[in-house]
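Grab a coffee and work through a few short exercises on the fold shown here. Try each task before you read its solution.

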Amino acid sequence: MTNQQMYIQSREINLLTPSRELPLYGKRILVTAPRNYAYRLSEQIIKKGGFPIFMPTIETCYLSNYARLDTALKNIAEFDWIIFTSRNGITAFFHRINDLNIPVSIVQKCKLCALGKDAESLLSFCSKVDLIPTESSPAGIVAELAKLPQIHETKVLIPTPQVVGLPEPDIVPNLITDLQKLDIEVTCVPTYITQGLDKSIYGIELNLIHQGIIDVIAFSSTAEVESFLTMVNSPSDYERCIVACFGPYTTANAQNLGVNVSIVSRDYSSFEGFAEAIATFFSQ
């Protein structure tokens with residue numbers, strides 16, 4: 001049997017496994033990620049037998065004012081590195097390049113960094129990625145750059161979200177501070193908007209949470225947690241649900257906001273690892 005035949009057989013066995021034998025069988029998992037991320041996490045939940053329920057607490061969308069981003073793009077040759085901290089940042093950055101009819105080749109002289117599976121998105125836009133940190137986090141970026149002998153006094157561009165209607169998470173500010181400690185000159189430019197959604201559209205979902213019908217609330221970012229907390233009256237509204245967080249940074253921020261976290265994804269390079277962490281919790 002060839003490797004390809006074994007792979008096909010493996011996939012068929014997985015797809016034909018009775019749902020009762022899957023680790024998330026019968027579990028209702030609330031997905032709070034924005035709609036352009038939610039489908040990827042939901043796919044992994046479905047593969048493990050769970051029922052994803054969509055309740056994006058935030059949304060990401062295009063900027064209304066591109067002045068700062070456009071200036072950075074026109075002066076891109078000044079930067080040694082472009083560091084992307086999210087897939088949304090990559091998408092919005094290259095869409096704007098396309099809107100301005102700027103050749104994608106302008107980024108070829110810069111070194112490019114992306115986290116985990118986001119590197120696949122970066123490659124699809126420009127066929128180039130120079131750094132994928134072992135740890136898929138801002139701290140991982142800093143740790144890898146610190147190893148480079150000539151990183152001091154370089155210029156770094158970071159495409160960031162413009163946070164609207166929510167407290168700005170400390171992730172990007174902390175990244176800036178840590179890079180500056182390496183004597184790196186950092187320029188951040190808003191590239192897309194992250195904003196909370198109105199709880200009035202989620203009457204049914206919030207009622208399911210309050211009744212304890214939702215088994216797990218899955219948060220993939222701090223902004224999702226912050227927005228969710230504006231939608232509930234008190235912790236008692238969701239105390240019957242298990243809370244899962246995508247990686248230690250979202251977990252730490254959720255706990256600082258008073259949320260009790262029971263599931264933490266140790267592999268946070270992709271949503272596959274997040275779904276696996278939730279499945280492992282129930283398997284135990």
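The exercises below deal with strands, salt bridges and a helix pair in a predicted model.

**Exercise 1. Work out the strand order of the open sheet and find its edge strands.**

Start with the order: 5 strands line up as β2-β1-β8-β9-β10, and their pairing is parallel. Next, look for strands that pair on one side only: these are β2 (51-54) and β10 (263-264), the edge strands. Now zoom in on the β2 end. Strand β1 (residues 28-31) runs parallel to β2, and 4 bridges join the two. To find your place there, put Arg28 opposite Phe51 in β2. Backbone hydrogen bonds are what pair the strands of a sheet, in either a parallel or an antiparallel way.

**Exercise 2. Find which strands helix α10 lies across, and give its angle to β9.**

Pick out helix α10, residues 248-256. Then check what is underneath: the helix lies across β8 (216-219), β9 (242-245) and β10. Finally, take the angle, which is about 135° between α10 and β9.

**Exercise 3. Trace the pairing from β4 to β6, then from β6 to β7.**

Step one is β4 (residues 81-83), which runs parallel to β6 (residues 155-164) and is joined to that strand by 2 bridges. A handy marker is Ile82, whose bridge partner in β6 is Leu157. Step two takes you from β6 to β7 (residues 185-196): this pairing is also parallel and spans 10 bridges. Here the marker is Ile158, which has Cys188 as its bridge partner in β7.

**Exercise 4. Count the salt bridges, then sort the residues of three of them into buried or partly exposed.**

The count first: there are 7 salt bridges. For the sorting you need one cut-off, since buried means under 20% relative accessible area and partly exposed runs from there up to 50%.

- Arg96 and Asp70 come together at 2.8 Å, N to O. Arg96 sits in helix α4 (residues 87-99) and Asp70 in helix α3 (residues 67-74), so this pair ties together parts 26 residues apart in sequence. Arg96, at 15%, is buried, and Asp70, at 12%, is buried too.
- Lys117 pairs with Glu120, with 3.4 Å between the closest N and O atoms. Lys117 has a relative accessible area of 37%, so call it partly exposed; Glu120, at 46%, is partly exposed as well.
- Asp130 and Lys128 meet at 3.0 Å, N to O. This one is mixed: Asp130 is partly exposed at 36%, while Lys128 is buried at 14%.

**Exercise 5. Describe how α4 and α5 are arranged, and say what sort of residues make up their contact.**

Two packed helices are described by the angle and the distance between their axes. For α4 and α5 (residues 118-126), the axes come within 9 Å and cross at roughly 10°. An angle under 35 degrees counts as roughly parallel, so that is the label for α4 and α5.

Now list the residues that touch. From α4 you get Arg87, Ile90, Thr91, Phe94 and His95. On the α5 side, they meet Asp118, Ser121, Leu122, Phe125 and Cys126. Last step, sort them by type: the contact has 5 nonpolar, 3 polar and 2 charged residues.

Notes:
Residues numbered from 1 in each chain as written. Predicted model: local features only at pLDDT ≥ 70, side-chain atom pairs only at ≥ 80, totals over all residues. Heavy atoms only, no water. Pairing = 2+ DSSP bridges. Contact = heavy atoms within 4.5 Å. Axes fitted to C-alpha atoms, helices over the stretch in contact; angles between N-to-C directions. Salt bridge = Lys/Arg side-chain N within 4 Å of Asp/Glu carboxyl O. Buried < 20%, exposed > 50% of the residue type's maximum accessible area, 1.4 Å probe, protein only. Parallel < 35°, antiparallel > 145°, perpendicular 65-115°, else oblique. Nonpolar A, V, L, I, M, F, W, Y, C, P; charged D, E, K, R; others polar.
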